[in-house]
Each structure stands twice: as structure tokens, then as C-alpha cells.
Amino acid sequence: MIRTHRSSLLALGAAASLVWVSRAPAQEQEAKGLLEMSIEELGRVPVTSVSRREESLKDAAAAAFVITGDEIRRSGVTTLADALRLAPGVEVARNGSHSWTISIRGFNSNLSDKLLVLVDGRSVYSPLYAGVFWDVQDTLLDDIDRIEVIAGPGGTLWGANAVNGVINIITRSAWETRGGYLKLAGGGEERGTAGLRYGTTLGDSGAIRGFVKYFDRDASVRASGADDGWHMARGGFRADFDASDTDTVTLEGEVYSGKESDLLRGDFTLGTLPTFAEGTIDVGGSYVLGRWHRRLHLGAEMALQVYYDHTERDIPGSFEERRDTLNADFQHNLKLIGRHNLIWGAGIRSTGDDIGNTFFSTFEPASRTDQTYSAFLQDKIELAPRKLFLILGTKLEHNDYTGFENQPSVRMAWLRTQRQTLWAAVSRAVRIPARIEHDLRLTSPVDLPNLPLPLYVEVSGNPDFLAEKVLAYEIGYRIAVGEQLSFDVSVFDNDYDRLLTNDALAPTVVPAAPEPYIVLPIVLANGGQGRTWGSTFAARWRPLDAVSLQFQYSRLEFDLHNKPGHSGRDMTTISGNSPEDQAAVYSFVDLTHRLSFYGGLRYVGELPAQGVPSYTAFDASLAWRPNSRIRAALTVQNLNDDQHAEFGDGGQIERSAYAEVDWTF
């Protein structure tokens, strides 16, 4: 039931955004590759997701990690979701050909809902279930500059649903992608991929690129034998302008459409059981986004971002959704006032949907528009010159489900030396209710043997559902040892309350024709609470100029339980959806100046609640550059195993091999 409902929630987006480009044409330079940067330079990689302003990764007062665009290209991954495996502590499980479950610090499921995902600052979470439809998050991977992964609450700056982490996918400026680019790839599972991009200048002050992309992926191996292959096409643009000496503007947009095969539920009524047959899910959408940035006196700056997003998803037998979202955010970084560095901002978000109900899932009302208003303030106080910083902040939001929510945080950063940083944080974050918790009525038959009458489970939303909340304690340490080695370790303890539970009520017998049936009512409630704690370790080692190694390990433990009077959802299921241990070793090697190699070995612990055993996977990619314009690569995924399960009944993930050719012209 849960898996089918999850697949019913996939959406397409249309949004418009303006994004600041921090580099003028005269200052343009090609970004360094992974093996061209020293350990110290990697520590100075900029991040913006921790404090909503640019700072060095080594100075960030959070468990932050950056996946560079060069790492993505060298690893041979084909999707954004699979690229996240390169970051420590991120739980990535492929749940079939076109479905993933992704989370940070636990609570992974088909309806993962405690992770905020941004693309160039645009939120892509779905208000339908407060999660991310990863099947429609895509672009030309060559256009990605970096992915910033922040583990831990980010609600103080980013708002509701940034409970366990923030992922910000940042694309390259149009200045960096002038000229042509063609990509062709194909293989066993990745049956065919084609991408074309072309960029040019617009006078002396602007640059623009446009792209198109198409892919076709084979089905996974499923117990039912059903086909879950899919294909999708998309196209988009990005333009960057230096409007004046102080003003920069970015415009970008995209449109996409795809079809996904799956085993779909047929129509049914109470007293009958549905039939299941292979069918097609239609997804599509578009967005346009814009951002204006102005540099002010004495280091101050301000920015205004606006985007519009449209998504569509049609799942026969479940429901269809059309959603439109308009979002505006203003941010002002004030000049330094003594020891204080202030940043504040405000935003408004309006999202409306139109849902085609079925007997299986009904939303009441079928159409709804919600507004969220927010404002935040954060002060970075320099307690000791360039050494010790106290960061205080909070975000106040008003939503149409629970009213006002406050998300404060206190952080400390001690830059003990230029190569060592110790940080600590205490934060509160919330996840506001989604449509499924507030307005859903889900009716699903249960086929149990030896029952005298048909049984139906009826799940009802709760108009009094409150925001889930967490109080998080974190501490971390970073150090660079010489020029070849760096370590990053973080420890956390999260205290959760008002977690979602499914509270079962007494079953009732309903007399009806052609025969009576039994209804088991379940009401969604805030009946769960408890703790999670764990740690993450990451290391980079450069034993040789041509060799870069990454070591990662994460540990996660749970102590969750139902409150008295709540006997529904088993909290052990939540615990058993996430691996206690994850470990990985990634190697990037330049064999010659034309030949490079990537090898990635990762271990993922068992998922007891899903019946999925632990597994080890090895991926490898060999790339050859005959000249500066052409790159050919052969990638093999799951080289050590012909197939393995990663989550629930989503099917077996098979060994796959594919070849690709990139041409820059």
C-alpha cells in the first residue's frame, strides 16, 4: 500500500529563477579539476548552504560536504540521486528503475520527508507529501558545478522541512559553458542517453546556454515480472548578466516530460478487490527562475529571487496531480557592525494543486491553495579576531496547517589554526504537515487468508496534525595534516517529538451488497517520539599528485517509541529502514595525461524492516581523452554482483555497463 501510494506522488515542475553569478567575464576561468587541487584548496571550496553566504568549507559550522562537478563526471554516475552516494552519511537506495529513497540521519522510506533539496536555491520538495520526486530531478550532469550536502537541521535559514539536512545542487554559470557540448551514451540498463548544449555570449555583459537531453532506461528485475522502465526528455536554458558594476542577474528555466512503466491498480469498489496490470505513469512540468544580486558598500549585499514552478503527475488507478507554485525570497547581508555580521531575509510561497481523486486515494478538498510567510535573522559574532565565532539565529514561519513555527539555532566555530576547525551547534527544526497527513483518505484492500469477509484499511488524514519537531545537538572537527591528508568528523544526538504514527481504531463490519466487508480505520497522529544518534567520518588522502582517495564511514542508532495511547505505526520499522553502518572508499586516479580511472567500493548495512540484507557494491569507470575536445568512457556499476536489492519490494538492481562519448566543440 505504501509503495503504491509513493509512486502515486511523482510530479513535474515549472519554475523561474534569477541566480547571482559571482564572476564577471573578465575574471572568468575554468574551474580546477579534483586532482588539480591540493588538500588545502579543497578545504577552501566555497559553500553557501550553511549560512546563506559564501564561506570556505573548512570554516563552516556544520557537518558540510561538497561533491564537486569533476567527481560526478569521473565517477560515471548517470543520475543526480546516484551522485549523492559520493557524500558521507547520505542514505541512497534505488527502489526500482525510476524510484529512489534518499535521506540523511535516518527516517528513510518511500515517503522520506525530512530532507530539503534545492536546485540553484529553488526548493524541489513536494507539498503533497513533503518529500522529493527524484525521478524528475535531472539536468546535464556536465553542467553541475557542485552539490553541497549539509547534515543536520537547516531550518533557521531554509525553513520548514530542513529537519535532517539540506542538499543544494548548484549549476555552472553560463560564462563557463560557452561553445558546444554533445554527449552520447548507451549500454545494458542505460539503453540510451543523448544530450546537447550550446552557449554563447550576449554582447560584453551576458552569456546564455541552452540544452536538450533524452534518456531511456531498462526495467529492473522484479518479483512480479512487471516492467518499470522509463524514458524522459527535457530542455532548458540559463543566462547570466553583469547588469552594472554592482548588479548581476541570472535567468533560468526548463521543461520536461516523461513516461514511466509500472504495475498499476485498476478501479474497484468496496466489496471487490482491484486488479493490477502494467500501465504508464505520465510526468511533466516546467519552471522559470530569476535572481537579482546587488553589491553594496563595505561588503554588504542584497538579493531577490523569484521562481514559478508547475508539476504534473498522472498515475492511473491512484490519482493525478497538477501543482503550481510561486515563490519569492529577499535576502540582505548587512555590512560589518563592529563584531557583528548580520544577515536577514523574508519570503512568501504560494502553492496550489488540483487533484484527480480515485476510490483508492481521495483528497478533501480536491483543490487547495496554501501560503507560507517567513522571515529570518542571523548574527555571526566575532568573539576573538578571526578565531572564535558565535552564530545566533532564528526563522519565524506561518503556514496554513499549524500557524506560526519558530526554528532557532546556536552555533560556535573555533578556527584553532588555519588548518583546524572545531564547531558545535544546538538547533530546533520542524516539518510542517503535508497534504497527505491533513486531507487524505486512503482506502486499500488487504488480502488475508481465512478471513470470512473482505478487509479494507481506511487511512484518514488529521486536520489537527501538528508539525514534527527535532532538537539537535552536534559537534564536529576538521583538520588538514600537511598537504596530503585531511579529516572531518561529526557527532550528533537528535531528540524528536510528535512523529507521525498510524493509529488503528476498532474494526467495524459494514453490511453491503454484494456482501458485507470489514473496515479497519487508521488515523494519522503525532504519537511518536525518541532519539537518534550517530557519527560521520570522512577523510581525503593525496598520496601522489595523480591519486586522490576518499574514505567515508557513518554510524546511526535509534531509540524511538510510541507515546502512551498510540499503538499504531511501529517505530522499529522506522529504525529498520535505515542502515546502522555505511562505509565507502572512492579512488580517482590519472593513469596518464590521457587516461583516468575511478573505482568506488561501498558497503551498506542491512535494512531489517525491509528484509534487505547488507550489500557491497563496486563501481568502476575508465576514461580516455585522445585530445582536449573528446572524452570516451566505459563504466561498470555493481561489478562484483550480478544483482542486489536496496530497498523493499522495488526490485533487484542489476550489474550494468555502458559507454559514453563527450565532444566539446
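Five strands form an open sheet, and their order across it is 3-8-9-6-7. The pairing in this sheet is mixed. Its edges are strand 3 (63-68) and strand 7 (122-123), each of which pairs on one side only. The model is a predicted one. Inside the sheet, strand 6 (residues 116-119) runs parallel to strand 9 (residues 165-171), and four bridges join the two. To find this pairing by eye, look for Val119, which stands opposite Ile169 in strand 9.

Next, follow the chain to strand 10 (residues 179-187). Strand 10 and strand 11 run antiparallel and are joined by seven bridges. Two residues separate them, and together they form a hairpin. Lys183 is a useful marker here, since the residue opposite it in strand 11 is Gly195.

Strand 11 also pairs with strand 12 (residues 206-217). This pairing is antiparallel too, and it runs over twelve bridges. Here Gly195 has Lys213 as its bridge partner. Gly195 therefore has a partner in strand 10 and a partner in strand 12. Strands 11 and 12 make a hairpin with three residues between them. In that turn sits Gly203, with a positive phi of about 70 degrees.

A salt bridge also links strands 11 and 12. The side chains of Glu190 and Arg217 meet at 2.1 Å, N to O. Glu190 belongs to strand 11 and Arg217 to strand 12, and they are 27 residues apart in the chain. Are these two residues buried or exposed? Glu190 has a relative accessibility of 7%, so it counts as buried. Arg217 counts as buried as well, because its value is 8%. The cut-off for buried is under 20%.

Strand 11 has a part in the surface too. Leu196, Tyr198, Val212, Ile630, Val661, Trp663 and Phe665 make a nonpolar surface patch of about 630 Å². Strand 11 (190-202) supplies at least two residues of this patch, and so does strand 37 (656-664). Trp663 is found in strand 37. With a relative accessibility of 40%, Trp663 counts as partly exposed.

Now turn to the salt bridges of the whole structure. How many does the structure hold? There are 60. One of them joins Arg419 to Glu483, with the closest N and O atoms 2.8 Å apart. Arg419 lies in the loop between strand 22 (403-417) and strand 23 (420-431), while Glu483 lies in the loop between strand 26 (468-481) and strand 27 (485-504), so the pair ties together parts that are 64 residues apart in sequence. Both ends of this salt bridge are partly exposed: Arg419 at 31% relative accessibility, and Glu483 with a relative accessible area of 36%.

Strand 27 takes part in another salt bridge. Asp497 pairs with Lys563, and their closest N and O atoms are 2.8 Å apart. This pair also links distant parts of the chain. Asp497 is in strand 27, and Lys563 is in the loop between strand 30 (547-562) and helix 7 (571-575), 66 residues away. Asp497 has a relative accessible area of 22%, so it is partly exposed. Elsewhere, salt bridges that share partners form one network. Its members are Glu321, Arg323, Asp353, Arg368, Asp370, Arg435 and Asp439.

Some loops hold backbone features to look for. The peptide bond from Glu364 to Pro365 is cis, with omega near 5 degrees. Pro365 sits in the loop between strand 19 (361-363) and strand 20 (367-384).

Two further loops hold residues with a positive phi. Arg52 is not a glycine, yet its phi is positive, at about 60 degrees. Its loop runs between strand 1 (46-47) and strand 2 (55-56). Arg52 is buried, with a relative accessible area of 14%. Asn638 also has a positive phi, near 60 degrees, and is a residue other than glycine. Asn638 is found in the loop between strand 34 (630-637) and strand 35 (643-645). With a relative accessible area of 5%, Asn638 is buried.

Technical notes
Residues are numbered from 1 along each chain as its sequence is written. This is a predicted model: local features need pLDDT of at least 70, side-chain atom pairs count only at pLDDT 80 or more; totals for chains, interfaces and linings use all residues. Side-chain values use heavy atoms; hydrogens and water are left out. Patches are made of residues with over 30% relative accessible area and no salt bridge: like charges are joined within 9 Å, nonpolar side chains (Val, Leu, Ile, Met, Phe, Trp, Tyr) within 5 Å. Accessible areas come from the Shrake-Rupley method with a 1.4 Å probe; for residues, only the protein chains shown count as cover. A salt bridge is a side-chain nitrogen of Lys or Arg within 4 Å of a carboxyl oxygen of Asp or Glu. Buried means under 20% relative accessible area, exposed over 50%, partly exposed in between (1.4 Å probe, protein chains only).
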